[in-house]
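Let's take a friendly walk through this chain, with an eye on its charged side chains. Please have the sequence and the structure open as you read.

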Amino acid sequence: MDGRSEFLCGVVEGFYGRPWSMEQRKVLFQWMQRWELNTYLYGPKDDLKHRLLWREVYSPEEEGQLRTLIVESEKRGLRFVYSLSPGQDIVFSSACDLSLLKRKLRQVSKLGCQAFAILFDDIDHSLCQADSQAFSSFAHAQVSVANEIYRFLGEPPVFLFCPTEYCGSLCSPSVSKSPYLMTVGEDLLPNISIIWTGSKVISRELSVEGLSEVQSVLQRPPLVWDNLHANDYDSRRLFLGPFKGRYPQLATQLRGLLLNPNCEFEANYIPLHTLGTWYRTGREEKKGKKRGEGGRRGGLGREKERRREREGKRDKGRMEERCTREKKLHNNQFQQGPGQPRSPGGVLCVGKAPLSESQIRLLVGLHYLPHEHGPSAQRLLQDLTWLKEHCHLVSANDKKGPPQKAEEWRGRAAGFLGVCEEIAALHSSVVSGVSKAVLYDLYPYVWDLRNTALVAKAFICWLGCGTTTGAELLGVESEPWVFKGGVSGELQMLLPIGSNSELFSHPPPLFPTSRLYNIRPYHNKDKAELYCMVRQLQQGAQGSPNSSPAHPDLIGDRCLGPCLALCPEYSMVLEDELGVCGCVLGVVDVRSFAKRCQTCWMPAMRDKYPPRTGHANSQEVLQQMEEDQGEYPDSLLYHFPSQLRLDALPDLVDISVTRCLLTALLTALKANGSHGVFCEMQPTDRMRLDFLTKLGFLEIIRGEARHREGVVLGRLL
């Protein structure tokens, strides 16, 4: 292969985070060979000897791994490019550093590598004193080292240079007027290719105009290091969508294009598959042009431009058509791991059940591209926004609204809730159905979105009950892409409590579970089940099944009764496939609630448990109810007017579901105007104290507690 003339198209392993394993790279090479890609660049930022410890040579064991990679890539017809990132601490004028750089690259060259890259991205522009005396500028220092290394290696056919100003947004003052880029373009040896990411670090599109501008400054076609699918900058985002926004005709403006994809290896099947389609389409277009130009010479410039425009539109249509045809092929990756067998009928057999095609479409649509959501994500966000803005249509206070408008709201709410349920089912299927490799790579993202959807679904159900005042309903208004988290982050920010990131950011469980959960507002029919649940919880805490009170409702009346009777709109229920398994209760205005308890609830309890029944246990609990309704000091209620009651929190393997349950209640309290909430508990209840502390609750002065031994935790909303 003539590396100087061949278009380089393939993959960069150049992200921050855990590098891919040797086995994953071998699978990658199989994919690349199948899809006719030709170049792999080794440059994982967290390989210490690639970046931080670049001066150190590889050990014999590391040499063996690199040699295996080089041999494996050659076997698949791929060019292996080894890259080094010395820019963080290299002294450009130091003969010693230059010698160490040569030693390192000589070692890799002896392993069979014939293509190299030297990277100066993501570093400080300043020069040390010795370099300032030796070089007239930062660019001259880099170019001097790159040229010398290039000659030292025998001027290999592929040698890449990544500048510090590697995209339009990093150029000062602009691409065409950057002294740094001008120096690089003029002084870097002409056969050294220069890396470029486009107008941005992560470019939504690559344009002919933008590439022509940078080509003019660099005096050579750039090689695009494409970060379209890179996700190392946001731990809550994943990009499963196709390679797009780059027309195949752009290849004529480039030295090559290498995709720097998701850190999670198994997430890259669709991006790399469609990259191969893009590359093949470009080659076919190029062959077609050569055949067409063979019998004609000359022609007007305007006609060429019009033809190029038509070809661009045709290329785009052809790419979209191919991507559509290949969607069924993409399903394979999420229904089976590489090399796994099919059943005799052709259906892929993995785990308990493979993902359906509709689930794969949902998965990809929810984790699409950095600047674009898939259809399912767009619908989810649009519906949540509309339902919030029009919740007055179903408010109990809005008696004048036309019935058909309320029906429209409920219809869109049903659609939104349906998508949330599909997300929950997708999470369950990913845990139980896909290959283990796919599970471990995709699970944190599917799990995170499942949790946010649980809260959003509970919020819409709560709005549908008509109890909102709309005091804090709009949440955080912002343009898309401004905040992190992808679809999950945008859903979060549309909720009234969305700016409190600690409520949504927590690590996934060590043991994934496929159990389905739902969070919803309390219904009257739930009362008996909740009363039974808290009675069993107390019996379990006391360690004796025979310690039940004389009256079966007694514990439920004390723990849950006041809230369920007087403010049921602030009670959230958690249920799984077996039924109700937890709840959390809230009081939006503690002062008003206390007065209502004294005038309504306690008289009803005295009638229900009269002294003449003769049950000492009942009278003891009744006395505790009286104490529970004691007053809190004004100094507490001024900052924290609302209260949480955690008497029926579930004990789950996936503690994040309990967090979601509590967050759903906080969302309702915030939506109706609360600016702070507190919770009182015993200091010996370390598990709940730790749980609330991780959610941003802080301990308040002990004297604020109603009971002498109580601890009060509070947080602002």
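The report below starts with the whole chain and then turns to its salt bridges.

This is a predicted model. Its chain has 717 residues, and 55% of them count as buried. The fold is built with 23 helices and 15 strands. Among contacts with a separation of 6 or more, 77% join residues that are 24 or more positions apart. The accessible surface is about 31500 Å², with 51% of it belonging to carbon and sulfur atoms.

Now to the charged pairs. The whole structure holds 28 salt bridges, including these:

| Pair | Closest N to O distance |
|---|---|
| Lys 405 and Glu 408 | 3.9 Å |
| Asp 576 and Arg 515 | 3.5 Å |
| Arg 520 and Glu 575 | 3.1 Å |

Lys 405 and Glu 408 both sit in helix H13 (residues 403-433); they are three residues apart, so about one helical turn separates them. Lys 405 is partly exposed at 39% relative accessible area, and Glu 408 is partly exposed at 34%.

Asp 576 and Arg 515 form a salt bridge as well. Asp 576 belongs to strand S10 (residues 571-576), while Arg 515 is in the loop between helix H15 and strand S9, so their bridge ties together parts 61 residues apart in sequence. Asp 576 is buried, at 14% relative accessible area, whereas Arg 515 is partly exposed at 36%.

Arg 520 and Glu 575 also pair up in a salt bridge. That pair links strand S9, home of Arg 520, with strand S10, home of Glu 575, across 55 residues. Both Arg 520 and Glu 575 are buried.

Elsewhere, Arg 55, Asp 89 and Asp 97 are joined in a salt-bridge network.

Terms used: Residues numbered from 1 in each chain as written. Predicted model: local features only at pLDDT ≥ 70, side-chain atom pairs only at ≥ 80, totals over all residues. Heavy atoms only, no water. Helix = DSSP H or I, 4+ residues; strand = E, 2+ residues; numbered from the N terminus. Buried < 20%, exposed > 50% of the residue type's maximum accessible area, 1.4 Å probe, protein only. Contact = heavy atoms within 4.5 Å. Areas by Shrake-Rupley, 256 points an atom, 1.4 Å probe, with all protein chains shown as cover. Salt bridge = Lys/Arg side-chain N within 4 Å of Asp/Glu carboxyl O.
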